[in-house]
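Biologist: Please take a close look at one part of this model, the aromatic side chains and their surroundings. I would like a single connected account that I can follow with the coordinates open.

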Amino acid sequence: METLETCLGRVAAKQRDLLAEAAADDVLVPTYTYDITKLSLEDLQALTVAGADETAGTRERRQTNQASTAVENFMATPVDENGAFYMGRDPALYRVRGEAIAAGEIATAGCERQKTGMRLIDFTASPVPTEPEPDASGETDNSGENENQN
């Protein structure tokens, strides 16, 4: 298994790029992408959500004439904390959304998630989603619902 230091060294440029766009203490939501081609069956099963049925997360096997097109499509697919799998010929990929974390800690958290046979190959980060604020009165706007009533 790759050491934390080795992984951090390998993804250092990506972390620098992230910190060029965000302050180290900005809280962001990361999405990690791992090459899981060499992951054992037991570890692959451990990535799935405990107690989940076959619909938990996204499992994809895409058939195209161009492997790069299928991977590009997979990388553009939004993922959640259950993760998504791309089981092509090579590479097999696993993408998963992490918990909100300080930008300066994203690479470390991604490297720490690695298991034997699993390699962090990419990560992105986005702002923490905000919930829409309710109307100040706590009421919804129903104007227009009763326009035709006299």
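**The aromatic rings and their setting**

Modeller: The structure holds four aromatic pairs, and since everything that follows is read from a predicted model, the values below are computed ones. One of these pairs is formed by Phe74 and Tyr86, whose ring centres lie 5.7 Å from each other while the planes make an angle of 40 degrees, so that the pair is classed as tilted, the class for angles that are neither under 30 nor over 60 degrees. This pair links distant parts of the chain, for Phe74 belongs to helix α4 (residues 67-76) and Tyr86 to strand β3, with their positions twelve residues apart in sequence. Phe74 and Tyr86 are both buried. The ring of Phe74 has a further partner of another kind, in that the charged end of Arg95 sits over it at 5.8 Å from the ring centre.

A second grouping of rings is found among Tyr32, Tyr34, Phe85 and Tyr94, which ring pairs link into a cluster. Behind part of this cluster stands the pairing of strands: β1 and β4 run antiparallel and are joined by five bridges, and within that arrangement Tyr34 has Tyr94 as its bridge partner in β4. On the side of strand β3 (residues 84-87), β4 is again met in antiparallel fashion, here through four bridges, with Met87 standing opposite Ala92 and a hairpin of four residues joining β3 to β4. Strand β4 is largely enclosed by the rest of the structure, because five of its six residues are buried.

The tyrosines of the cluster lead on to the nonpolar interior. The largest nonpolar core has 22 residues, and Tyr32, Tyr34 and Tyr94 are, together with Ile36, Leu120 and Phe123, those with the most contacts inside it. Two or more residues of this core come from each of β1 (27-35), β4 (92-97), α5 (106-112) and β6 (119-127), with α5 giving the most, namely four residues. Apart from this core lies another one, of six residues, including Phe74 and Tyr86 as well as Ala70 and Val79, so the tilted pair described above belongs to that other core.

The contacts of Tyr34, when residues up to four places away in sequence are not counted, show what surrounds a ring of the cluster: among them are Ala92, Leu93, Tyr94 and Val96, then Gly110, Arg113 and Gln114, and further Met118, Arg119, Leu120 and Ile121. Thr31, also placed in strand β1, offers a useful second view of this strand. Its relative accessible area is 14%, and Thr31 therefore counts as buried, the limit being 20%. Leaving aside neighbours within four places in sequence, Thr31 is in contact with Val79, with Arg95, Val96 and Arg97, and with Asp122, Phe123 and Thr124. Arg95 thus appears twice in this account, as a contact of Thr31 and as the residue whose charged end sits over the ring of Phe74.

To place these details in the whole chain, it has five helices and six strands, arranged along the sequence in the pattern α-α-β-α-β-α-β-β-β-α-β. Of its 150 residues, 27% count as buried, and among contacts between residues at least 6 apart in sequence, 74% join residues at least 24 apart. The exposed area of the chain is about 10000 Å², of which carbon and sulfur atoms supply 46%.

How values were computed:
Residues numbered from 1 in each chain as written. Predicted model: local features only at pLDDT ≥ 70, side-chain atom pairs only at ≥ 80, totals over all residues. Heavy atoms only, no water. Buried < 20%, exposed > 50% of the residue type's maximum accessible area, 1.4 Å probe, protein only. Contact = heavy atoms within 4.5 Å. Areas by Shrake-Rupley, 256 points an atom, 1.4 Å probe, with all protein chains shown as cover. Core = buried A, V, L, I, M, F, W, Y, C linked by side-chain atoms within 4.5 Å. Pairing = 2+ DSSP bridges. Phe/Tyr/Trp six-rings, centres within 6.5 Å; stacked < 30°, edge-to-face > 60°. Lys NZ or Arg CZ within 6 Å of the ring centre and 35° of its normal.
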